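Colleague: Please pick one part of this model and take me through it slowly, cut-offs included. I'd like the cavities first, then whatever you can say about the elements around the fold.

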Amino acid sequence: MQTVPLKTVIVENTVCLNTGDAAILLAIRHILKAAYPGELRFQVFDSQPEVASRLYPSQAYPDIEIRKLLAESIFKYPYDDNRLKNLAKPIYNRLALSALRHYGKSRALDETMFNAGDRRSLDMYRQADLVVTTGGTYLVENYNLERRLNQFRIDAAFGKDPVFFTQSLGPFDKDYNRRELKPVFDRSPLILLRDERSRGHLAGLVDNPGKCHVVADSVFALADKERIEALLSSGTPPQPTGRVGISVRHWNYVNDGADGMRRYMESIRDIATALVRDHGKQVTFVSTCQGVPEYAHDDSKTAKAIVAELAPEIAAQVSVDANFHTPEQLMELVKGFDFVIATRMHMMIMSLCLGVPVLPIAYEFKTRELAKRVGLADLLLDIDTVTPDHAGQKLTAFVGDLDRYRATTLAAVLEEHASAMSAAELVRPLLADTSADVAGDGFPGLDKGAAGLRHGDHEGQRHRVA
């Protein structure tokens, strides 16, 4: 009997300090294990590997090794107002890119340009059987994409054409981004998208649209099918616990800026008040981005600001869980809620994966598209337009027809689970093939990318970095 070889999979561009992004990683692992009969080892390249390794230790995740994202280790980016340093960075980056293309040909050059940790990581890329750029929403022009583009340049230097796991991406209106992304998309063997809108954003950027597939968000692969099927077959709603979860977030891009955030927070405050006063619920604020001091986002701060202005008798029934939770821990916590009000999309998905109904609040188009898929479009609140009155109306409609919404979403989650798992069939041929260990000298567009590094104009952009 032929032995199935162990294979290594690189998952890059992760941000595991965000529990939603960590859930994507665990879902990718689950899907790839379903696609391949042998053992898989995962080398995860993350923006903050030391912290991520503490949160997801090897004792609990023995098949996962977390390392520094090479685009952030090898290349340099503007981070202050030192004009001289910032002018020198594009020159250094061009030299680094050239050294990458000749990696392994000169030990002296390798040791001059790359430290020991980076050389070990680069060797991992050379030997990897598959490279996956993680799912999520990071290829959108709200963010500066240069770190992502540099990561794709590293992939190309080693002949590793990444699989794009389930993404919401675009639109790409900037000529520079379109020019740099097109060869990356063209060389990718598989592009998975969360919605038709994202597939439309690839028009003109992919010569072979047949490799672009719309499937459910990968986290639906983690759905508890037995629990959901049992809830559907029972025909009776579960016994209420009297507890409700609310996920909030700060959003820099809300319409009307600070006034928009105040309106959103007041709407959530009114929802919490109604849940306690009118429905007799205890409310827990909890989210996917919290409890990690090293991470830039902490939703519990927004939650605490909301709770601080509740009437005392309401606040007595409201708590803020500010602790960090792994995806498994967060899903266990969600089991105790009658329903969830979710601003974070993966808080919404993980709740639905357990059969817990959700009233969604959208801050990007990805949540609007998801709400359509799971039958919640008529309930959807939008962070850009929500008002306390509107939020109260939606909450009343949701609670008043909770059993119907539960049944609708339970059936939809089973479909989303099947859709997410269908990615296993799409990726199986790629795992069956051995990944080539070749240099990327023939990568169309790599020289254009180097030209971009030389001029460095894009690096002066100070908008948010994904």
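Modeller: What follows starts at the largest cavity and then moves on to helix contacts, sheets, a pocket and two backbone oddities.

Quick housekeeping: this is a predicted model, where local features need pLDDT of at least 70 and side-chain atom pairs count only at pLDDT 80 or more, while totals for chains, interfaces and linings use all residues. Residues are numbered from 1 along each chain as its sequence is written, and side-chain values use heavy atoms, with hydrogens and water left out.

How many cavities of 30 Å³ or more does a search of the whole structure find? There are six. A cavity is a set of points on a 1 Å grid over the protein atoms alone where a 1.4 Å probe fits but cannot get out, and its lining residues have an atom within 4 Å of a point. Volume is the space filled by probe spheres on points joined across faces, edges and corners. On that basis the largest cavity holds about 80 Å³. Its lining takes in 13 residues, and Arg194, Asp217, Lys366, Leu370 and Arg373 sit nearest the centre. Two elements give two or more residues to this lining, helix H15 (345-352) and helix H16 (365-373); helices (H or I, at least four residues) and strands (E, at least two) are DSSP runs numbered from the N terminus. H16 gives the most, four residues. By class, the lining has seven charged residues, five nonpolar and one polar. Charged is Asp, Glu, Lys and Arg; nonpolar is Ala, Val, Leu, Ile, Met, Phe, Trp, Tyr, Cys and Pro; the others, Gly among them, are polar.

Those two helices also touch each other. The H15 and H16 axes come within 10 Å and cross at roughly 25°, where axes are lines fitted to C-alpha atoms (for helices, over the stretch in contact) and angles run from 0 to 180 degrees between N-to-C directions. H15 and H16 are therefore roughly parallel, the label for angles under 35 degrees. From H15, Met345, Met348 and Ile349 make the contact (heavy atoms within 4.5 Å), and H16 answers with Lys366, Thr367, Leu370 and Ala371. So Lys366 and Leu370 turn up both in this contact and among the residues nearest the cavity centre. The contact has five nonpolar residues, one polar and one charged.

Now the sheets. One open sheet has six strands in the order E10-E9-E8-E11-E12-E13, with parallel pairing; two strands pair if DSSP finds at least two bridges between them. Strand E10 (318-320) and strand E13 (381-382) are its edges, each with a single partner strand, so one side of each has no neighbour in the sheet. Strand E12 (358-362) pairs with E13 over two bridges, and Ile361 has Leu381 in E13 as its bridge partner. Helix H17 (388-400) lies across strand E11 (339-342), E12 and E13, at about 155° to E12.

The other open sheet runs E3-E2-E1-E4-E5-E6-E7, seven strands with parallel pairing. Strand E3 (64-68) and strand E7 (212-214) are the edges, pairing on one side only, and the twist averages 20° from one strand to the next. Between strand E5 (163-167) and strand E6 (191-193) there are two bridges, with Phe164 partnered by Ile191 in E6. Helix H6 (116-127) lies across strand E1 (7-14), strand E2 (40-46), E3 and strand E4 (130-133), at about 125° to E3.

For a further helix pair, take helix H1 (19-35) and helix H14 (327-334): their axes come within 9 Å and cross at roughly 110°. That makes H1 roughly perpendicular to H14, a class covering 65 to 115 degrees. Thr19, Ala22, Ala23 and Leu26 of H1 meet Pro327, Glu328 and Leu330 of H14.

Then there's the second largest pocket, with about 270 Å³ of space; a pocket is an open set of grid points with protein on both sides within 12 Å along at least five of seven lines. Of its 20 lining residues, Pro238, Gln239, Pro240, Asp338 and Arg406 lie nearest the centre. Helix H18 (402-421) and helix H10 (225-234) each give two or more residues, and H18 has the largest share, three.

Last, the backbone oddities. Gly170 to Pro171 is a cis peptide bond, omega near -5°, with Pro171 in the loop between E5 and helix H8 (175-187). Asn13, in strand E1, has a positive phi of about 70° although it is not a glycine.

Definitions and conventions:
Angles under 35 degrees count as roughly parallel, over 145 as roughly antiparallel, 65 to 115 as roughly perpendicular and the rest as oblique.
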